[in-house]
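Open the model in your viewer and keep the selection tool at hand. Each stop below says what to select and what is there.

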Amino acid sequence: MYEGYVINDIYCEKGHEYIDFTSKPEEIRKGEAIGGVDEDEFKRLQIRKTIEEHLEKELLLIPKGIKVLSLFFIDKVANYRYYEDGVAQQGKFAKIFEEEYVTIARKGKYRSLFEETSPADIVSELHNGYFAIDKKKDSSGDALFKESKLSAKGEGGKTAADESAYNLIMKDKERLLSLDCKLKFLFSHSALKEGWDNPNVFQICTLNETTSVTKKRQEIGRGLRIAVNQDGERVHGFDVNTLTVMANESYEEFVATLQKEIEEEEGIRFGVVDDHLFANIVVKHEGEKPEYLGAEKSEQIWQHLLDSGYIDKKGKVQDDLKRALKEGSVDLPYDVMEQAEQIQAVLKKVAGGLNIKDGSKRETVKLNKAIYLGDEFKHLWDRIKFKTSYRVDFNHHDLVEKCARAIEKDLVAGKTKFEYAKGKVAIKRSELEIEESKTQSYIYDAKDYKLPDIVSYLQNATNLTRRSIVSILTQCNRLDAFRNNPQKFIDEATAIIQQVMRQFIVDGIKYQKIGDEHYYCQELFQDKELKGYLGKNMLKSDKSVYDHVVYDSGVEHDFADAFEKSEEVKVYAKLPDWFKIDTPLGTYNPDWAVLVENNNEETLYFVVETKGSLLSGSLRPTEQAKIDCGREHFKALGENVGFAKADSFESFVDQVL
């Protein structure tokens, strides 16, 4: 836009500053501008990208029964809606929204979202905001706008449509979250910042020029909630719960300082390793009671990190640790090497800071047709694609007996206690320090409460018959603990029974191939669109079904990288989330399908489960049980495919070659 402008002179006398040009007649003084960018075009781009993100999210989440909402913050109410002679008129943002929505929604990829409806026919019903009219006038006679609570009388020129929008947006959240409700895009000036929460806001577009840090935090807070589906159930996981902010320039500094503010105001310390950080890492499981690394061992690890230069004396993470975590080369004490993966996972959480990703680096993963259509992948898929059914055989009397003995041995449910602590705090130059601390316990020995229906509770939690539950309770010899602390007894007994049942189920499970006509179609790889972030969770691939592998952890990254470099691995695929194996404990999704060719040119087909440790005791019982079920599933498919659990590519090779 400045082509042809050649500077002739820059004059800097105070009060008379200017620049003039040889090739143009304009003289520009301090505070003036030539050219520049049309702000409305900038806002149009923000609105367009928000609509695109919204429709992409709908493709992903509507099949899961999740309503997608987008929230726009605007600077002036009149930019969205104003009134002439009491009749509502569209402001420029409303017009831009409808123009952009109709254009984008007509793309073929979004056709499934509209069925027989045309986007142009419904676009006016998709967006709204609640803005009450102030009766005051400005000097030009135009109405001024503000947002306030709607009174029951509906005075102030408010229409029935205003009241309906207010009730839907501000009060009737359940209806707003219904897929039957057409309203999806909400415009707000201020009323939706505080006191309004909706768990399904997935996009926030800041069309205002907010400079207040507090205001920006309030705006972003509208989108930081766990989403709910049509049954009102929370749906967890970052694949669903990711907030996208279409930010203007004023957000750049905000993103950089947000972490520091949270540290100061909430007491959360990012990037600091405490000496007790590793105490709760599970070493192994004994029945339902896990064995932890413990405080003493955690302090030893902390001291080792300090001696290695990974942290400073205050526990602050140093660049050497970040670099070692990225390379997977963290030096840890020898006696905790079996827990190395868990320790590194904890360190990554501490060292990583806030998980903010640059949307400009997000890429769509494309199908690698040379691999996808090749004979090698087809032969691999034809061996693992079949579905199975399972049955569980176990002795009922043995189950009851083992549950009773486990409760008798492992259940801990003492009386409710209050603990009184008294300490003396000394003010030192470095910090406040507790010099003395004394504690005293008081037993809460109430006897006047009504005991709950433990049989019904345990029956609902375990799905065992009432007769079985009664047998377990009468044989466990621990009903005195139930009288002392009913809720604690119920919680512990439930966990113990479920753990014993898991062992019985897995030990007695048998899978059977349903038939040749029941399988996962290879074509599903074409239907599922994957996205990732370059440099964050994507690795370029030449041997996989897709041109990039989207990985979930450092372990998966290392495996994918090793598969790419290995001459023995010919093709592989990270198994998508729709590839599921039914188990009594829920569905199980293995990690990899791999085709290997050894030195004898023998072709081997494997499904691989990657874990940080090969020791079953270091995994959660349910997690290990699902892996055991997966192993039995692939056994039922015949001898054509193997199953391997590995903590590194080397341990996988040891099982294969």
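Select strand β12, residues 244-246, together with β11. Three bridges join the two strands, and they run parallel. Look for Gln203: its bridge partner in β12 is Thr244. This is a predicted model, so treat each stop as a feature of a prediction.

Stay on β11, residues 201-206. Is this strand covered or not? Mostly covered: six of its six residues are buried. Now add strand β4, residues 69-73. Five bridges join β4 to β11, again in parallel. For one of the pairings, pick Phe73, whose bridge partner in β11 is Thr206.

**An aromatic cluster**

Select Phe72, Tyr80, Phe97, Tyr101, Phe114, Phe185 and Phe187. Ring pairs link these residues into a cluster.

**The three-stranded sheet**

Go to residues 7-11, strand β1, and residues 18-21, strand β2. They run antiparallel and are joined by four bridges. Show the side chains of Ile7 and Phe21: Ile7 stands opposite Phe21 in β2. The two strands form a hairpin, with six residues between them. Click on Gly15 in the turn; its phi is positive, about 90°.

Add strand β3, residues 27-29. Three bridges join β3 to β2, and this pair is antiparallel too. Here Asp20 stands opposite Glu27.

Zoom out to see the three strands as one open sheet, in the order β1-β2-β3. Which strands stand at the edges? β1 and β3 do; each has a single partner strand, so one side of each is left without a neighbour in the sheet. From one strand to the next, the twist averages 15°.

**The nonpolar cores**

Select Phe377, Trp381, Ile384, Phe525, Phe579 and Phe634. These residues have the most contacts inside the largest nonpolar core, which has 35 residues. Colour the elements that give two or more residues to this core: helices α11 (369-372), α12 (375-384) and α20 (621-636), and strands β19 (509-513), β23 (569-574), β24 (592-597) and β25 (603-610).

Centre on Trp381. What does Trp381 touch beyond residues up to four places away in sequence? Its contacts are Tyr520, Cys521, Gln522, Phe525, Leu575, Trp578 and Phe579.

For a second, separate core, select Ala404, Ala413, Phe482 and Val500. They are among its 26 residues.

**Ring pairs**

The structure holds 32 aromatic pairs. Start with Phe525 and Tyr546, a tilted pair. The ring centres are 6.1 Å apart, with 55° between the planes. Phe525 lies in helix α18 (residues 524-527), while Tyr546 lies in the loop between β21 (538-540) and β22 (548-550). They are 21 residues apart, so the pair links distant parts of the chain. Both Phe525 and Tyr546 are buried.

Next, pick Phe563 and Trp592, an edge-to-face pair. Read 5.3 Å centre to centre and 80° between the planes. Phe563 belongs to helix α19 (residues 554-565) and Trp592 to strand β24, 29 residues apart. Both Phe563 and Trp592 are buried.

**Lysines over rings**

Finish with two lysines. Select Lys387 and Tyr520: the lysine lies over the face of the ring, 4.6 Å from the ring centre. Then select Lys513 and Phe386. Lys513 lies over the face of Phe386, at 3.9 Å from the ring centre.

Key:
Residues numbered from 1 in each chain as written. Predicted model: local features only at pLDDT ≥ 70, side-chain atom pairs only at ≥ 80, totals over all residues. Heavy atoms only, no water. Pairing = 2+ DSSP bridges. Core = buried A, V, L, I, M, F, W, Y, C linked by side-chain atoms within 4.5 Å. Buried < 20%, exposed > 50% of the residue type's maximum accessible area, 1.4 Å probe, protein only. Contact = heavy atoms within 4.5 Å. Axes fitted to C-alpha atoms, helices over the stretch in contact; angles between N-to-C directions. Phe/Tyr/Trp six-rings, centres within 6.5 Å; stacked < 30°, edge-to-face > 60°. Lys NZ or Arg CZ within 6 Å of the ring centre and 35° of its normal.
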